[in-house]
Amino acid sequence: NGTGYPNAPAIAVPANGSVAIVYDVTVAATDTAGYTINNAATVNNPGGPGASPAAPTVTVLQSQIPASGNKVLYVYDNLSLTRTPQTGTGAGAVNITSQGATQDWTLTPVLQKPLTLIANSTVSVSLNVECTNLRFGACRNGNNLAFNATLYDKNGATLTQIGSTSPNASFNYTAYTLVTANIAAGAAAVTVPAGDQLVLRITNATTNNNRPMQIEQYNGGNLSTATLSVSTVINVDSVNVYSAAYPSASTQSFYETNNTVYIRAVVSDPFGSYDIDPATGGTAPTLTLTDTNGTVQLNAVSMTQVADSLAATKTFEYAYTLPQSPPNTLALGHWTPSVTAWEGTEHSISHTANGSFDVEAPILEVMK
């Protein structure tokens, strides 16, 4: 008979027994995604020891909290930018002749979903560079070379500048060496729409003429890259439960013991489905299934890909048969499937989303 429930009936606890007290909590409609709720109680026992039970922290609309992180674009000798890392040298280094000459690297394929660069973030451009006009085994006259890196949003033939390096990166190397230049993305977040491409333009900024430079995609384990801090990354768009395997859309209001439930997740990525669980070095999305008592029935099991849109999404599924009860004691009520997906080969960014389904006892059960 707690203070919050003055009219609650008394509860008798049998000798050498226990009683479970369940609190149903209603989340306010004004609570936004990411708001955390902590529930605790104090048990005052006049005739013996008390207790201070606490429930696990509940995060409101956890599935709607977007992930963020660093996206690495890989700079190839064929003038493409992609999310696939280089594994060796390309067809040939890219030569940028004397002062003012440029080369553009273009994202391939186009963005499949909008990509948002975080405000006040830095785009880090690291390139394997060397000077090629040598004199007596050194860069001509010992002069430093320099390059400028500029990032654009390309829509058709229209280029919109996102940011440019300041100051330029200088170097004086006769062999390929990794040199980094930083681009300030701007004080406000920048969103590049779906269907657009990112373009990285490198300009030979050397002050003297006849000072060519070369860029190589890969050298001695060093990869030429451009790293962006973004707030739109891999996303588990939905976690739903079906009564038959993909592509069936058949569902039930609840599932009984000995039923097979097909837990299905749709995962998207701004750069395209190839960035989700790539064929080499990838990690398939994992499923953790928790019953209504908080007991984990499945712990981070791999899901199977059942569809690829060849655009922004892939679909994954896992078939789970609910235990028969009896002999097992099946927890009735709401079960929570939680799916975590990773992007790319780096596995540095992930997103988790939850679903829900109801487990009930059969209406009629005949046993012998």
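Here is a walk through this predicted model, from its nonpolar core out to its strands and ring pairs.

Let's start inside. The largest nonpolar core has 65 residues, and the members that touch the most others are Leu-117, Phe-147, Leu-198, Leu-200, Ile-202, Leu-228 and Phe-357. Strand β8, which covers residues 122-131, gives this core its largest share, namely five residues.

Take Leu-198 as a way into that core. Which residues does Leu-198 contact once its neighbours within four places in sequence are set aside? There are leucines at 73, 81, 107, 115, 151 and 228, and besides these Leu-198 meets Trp-105, Thr-106, Tyr-152, Ile-162 and Val-192. Leu-228 is worth remembering from that list, since Leu-228 also belongs to the group of core residues that touch the most other members.

Now back to β8. Is this strand mostly covered or mostly open? Mostly covered: eight of its 10 residues are buried. As for strand partners, β8 runs antiparallel to β14 (residues 177-184), and eight bridges join the two. Within that pairing, Asn-128 has Leu-178 of β14 as its bridge partner. Strand β17 (residues 213-216) is also antiparallel to β8, joined by four bridges, and here Cys-131 is matched with Met-213. Then there is β20 (residues 225-230), again antiparallel, with three bridges to β8; Ser-124 has Thr-227 as its bridge partner there.

Next, a look at another sheet. Four strands make up an open sheet in the order β21-β22-β26-β25, with antiparallel pairing. Which strands sit at the edges? Those are β21 (235-242) and β25 (304-308), each of which pairs on one side only. From one strand to the next, the twist averages 25°. Inside the sheet, β22 (residues 260-268) pairs with β26 in the antiparallel sense over nine bridges, and Ile-263 stands opposite Tyr-318 of β26. As a rule, side chains in a regular strand alternate between the two faces of the sheet.

On to the aromatic rings, where the structure holds five pairs. Why does the pair of Phe-171 and Tyr-173 count as stacked? The ring planes are at 10°, with the centres 6.4 Å apart, and planes under 30 degrees apart count as stacked. The two partners differ in how covered they are: Phe-171 is buried, with a relative accessible area of 2%, whereas Tyr-173 is partly exposed at 35%.

Tyr-320 and Trp-335 give us a tilted pair, with 6.4 Å from centre to centre and 45° between the planes. Tyr-320 lies in β26 (residues 313-321) and Trp-335 in β27 (residues 333-342), so their pairing ties together parts that are 15 residues apart in sequence. Both Tyr-320 and Trp-335 are buried. Ring pairs also link these two with Tyr-255 and Phe-357 into a cluster. Phe-357 takes us back to where we began, as one of the core residues that touch the most other members.

One last ring to look at is Tyr-242. What lies over its face? That would be Arg-264, at 3.8 Å from the ring centre.

Conventions:
Residues numbered from 1 in each chain as written. Predicted model: local features only at pLDDT ≥ 70, side-chain atom pairs only at ≥ 80, totals over all residues. Heavy atoms only, no water. Core = buried A, V, L, I, M, F, W, Y, C linked by side-chain atoms within 4.5 Å. Buried < 20%, exposed > 50% of the residue type's maximum accessible area, 1.4 Å probe, protein only. Contact = heavy atoms within 4.5 Å. Pairing = 2+ DSSP bridges. Phe/Tyr/Trp six-rings, centres within 6.5 Å; stacked < 30°, edge-to-face > 60°. Lys NZ or Arg CZ within 6 Å of the ring centre and 35° of its normal. Axes fitted to C-alpha atoms, helices over the stretch in contact; angles between N-to-C directions.
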